[in-house]
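Here is my notebook from a session with this structure. I wrote down each thing as I looked it up.

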Amino acid sequence: MLGFVIIVAFQLLGVGLHRLGVPLPGSVLGLILFTLALMLGLVRLEWVERSAVFLVRHMTLLFIPLMAGLTTMTAELRRNGVALLASLVASLLAVLLTTGGLAHLLLADDEIAEINREADLLP
Amino acid sequence: MIRLILHLLTHPALFIVLTLAVYALSLRLHARWAWIHPLLSASIVLIFLLWALHIPYASYNTGGGLFTYLLGPATVALGVPMYKQGIKLKATLPRLSLVVLAGSAVGMITAGGVASLCGASHEMVMSTLPKSVTTPIAVEVSRSLHGDPAVTAAMVLLTGLLGGVIGPAILRLARILHDHAVGAAIGASSHAIGTASLFRSSEVQGSVSSLAMAMAGIFTSVLAMLLNLYWRAQGAGHP
């Protein structure tokens with residue numbers, strides 16, 4: 001339970017900073033500060049790990065009520081249906097392939113590079 | 001008697017339990033048939049039940065809304081997997097941010113471009129721009145661009161769902177198989193919904209995806225801010 005308290009405290013910290021004028025959403029500010037606190041050792045992993053893993057593992061659950069809420073706005077979506085659907089599918093494919101392709105080119109050889117570096121250290 | 005049943009049928013606790021039950025069922029289905037995405041099956045079952053039992057969405061949301069509130073803490077909790085992968089990712093962090101920046105820019109240009117080509121109004125085009133990032137960021141970006149936040153929220157959910165369902169398969173078809181590349185692509189395109197799907201199969205992919213999702217959120221906010229500044233510099237305000 002301590003983990004939940006710490007996590008919610010960081011969310012509130014983020015929300016507060018957002019209200020004070022930082023132009024990023026509260027939960028994202030909370031995420032950035034929470035990660036920094038973990039890296040700096042201000043928050044220990046064992047305090048928060050179980051609560052955080054629980055929340056992340058069941059994140060799909062948290063989207064179910066919002067999905068059901070889509071039924072209340074079918075009229076607006078239908079009026080612009082074709083344009084919105086085309087935009088959604090085209091943009092999703094574009095982002096998946098650009099990001100995945102670039103990452104494949106720039107990041108994929110990392111593990112091989114690491115093995116080579118270790119090999120260099122061998123006599 | 002009827003009044004008692006009506007009272008129970010509109011009690012928030014019932015809707016909390018209903019949501020949990022639908023989620024548990026969807027996980028069972030997913031375990032049996034891996035291709036059935038839990039969010040898709042859960043949403044369809046829930047929408048059907050609300051329709052069949054004549055429960056208005058506003059009434060359901062008195063209980064179901066509890067889970068929506070937990071999205072904030074869940075976003076913050078992504079810090080733990082990000083931190084755990086952080087040491088391994090330190091060397092690749094600058095390259096990863098470059099990749100996600102490119103993805104975010106391409107996402108905004110294609111989303112707005114295609115909507116515009118299909119004849120959508122300026123407000124609708126603006127609503128599509130932040131559709132690749134997580135709901136709280138997307139809604140604020142949409143508002144800053146004079147889009148319709150409700151349409152944006154719908155686009156975000158549907159993008160995340162579609163990306164979670166078909167994203168990994170498309171990457172496999174394109175022979176993009178490396179854990180870091182899959183994580184970056186899903187995180188940048190399908191935010192928290194895609195990330196949650198990845199965590200079910202791979203901790204590494206999920207963590208990279210969390211990182212890419214947070215970066216995409218930040219880059220999209222900054223790009224939208226620049227777009228606003230550019231229009232202001234043109235003196236025209238919003239076209």
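**Nonpolar patch.** I began at the surface of this predicted model and found a nonpolar patch of about 610 Å². A:Leu85, A:Val89, A:Leu93 and A:Leu97 make it together with B:Leu40, B:Ile44, B:Val165 and B:Ile166. Helix 6 (81-107) of chain A, helix 3 (38-52) of chain B and helix 10 (149-173) of chain B are the elements that give two or more residues to it. I noted that helix 6 of chain A has the largest share, 4 residues.

My rule for patches: residues have over 30% relative accessible area and no salt bridge, with like charges joined within 9 Å and nonpolar side chains (Val, Leu, Ile, Met, Phe, Trp, Tyr) within 5 Å. Accessible areas are from the Shrake-Rupley method with a 1.4 Å probe, and for residues only the protein chains shown count as cover. Helices (H or I, at least four residues) and strands (E, at least two) are DSSP runs, numbered from the N terminus.

I then picked one patch member, A:Leu93, which sits in helix 6 of chain A. A:Leu93 counts as partly exposed because its relative accessibility is 32%; buried is under 20% relative accessible area, exposed is over 50%, and partly exposed is in between (1.4 Å probe, protein chains only).

**Housekeeping.** Residues are numbered from 1 along each chain as its sequence is written, while chains are lettered from A and ligands numbered from 1 in the order in which they are written. In this predicted model local features need pLDDT of at least 70 and side-chain atom pairs count only at pLDDT 80 or more, whereas totals for chains, interfaces and linings use all residues; side-chain values use heavy atoms, with hydrogens and water left out.

**Chain A.** I counted 7 helices and 0 strands here. Of the 123 residues in chain A, 43% are buried. Chain A exposes about 6800 Å², and carbon and sulfur atoms supply 68% of that.

**Chain A against chain B.** How much area do chain A and chain B bury between them? I read about 7100 Å², 82% of it on carbon and sulfur atoms. Buried area is the accessible area (1.4 Å probe) that two parts lose on being put together, summed over both. A:Phe63, A:Met67 and A:Leu96 supply 9% of what chain A buries against chain B, more than any other three residues. The contact (heavy atoms within 4.5 Å) takes 68 residues from chain A and 87 from chain B.

I also looked for salt bridges, meaning a side-chain nitrogen of Lys or Arg within 4 Å of a carboxyl oxygen of Asp or Glu. The count between the two chains is 1. The side chains of A:Glu49 and B:Lys84 meet in a salt bridge at 2.6 Å, N to O.

**Inside chain B.** The domain assignment, whose bounds are automatic or from a database, gives domain 1 (2-69) and domain 2 (77-234). Their C-alpha centres lie 28 Å apart. Domain 1 of chain B puts 5 residues into the contact and domain 2 of chain B puts in 6. Together they bury about 500 Å², 75% of it from carbon and sulfur atoms. B:His37, B:Leu39 and B:Leu40 supply 73% of the area domain 1 buries against domain 2, more than any other three residues. I found 0 salt bridges across this interface.

**Last stop.** Is B:Ser210 buried or exposed? B:Ser210, in helix 12 (residues 203-234) of chain B, is buried because its relative accessible area is 0%. Leaving aside neighbours within four places in sequence, B:Ser210 is in contact with B:Leu78, B:Pro81, B:Met82, B:Thr195 and B:Phe199.
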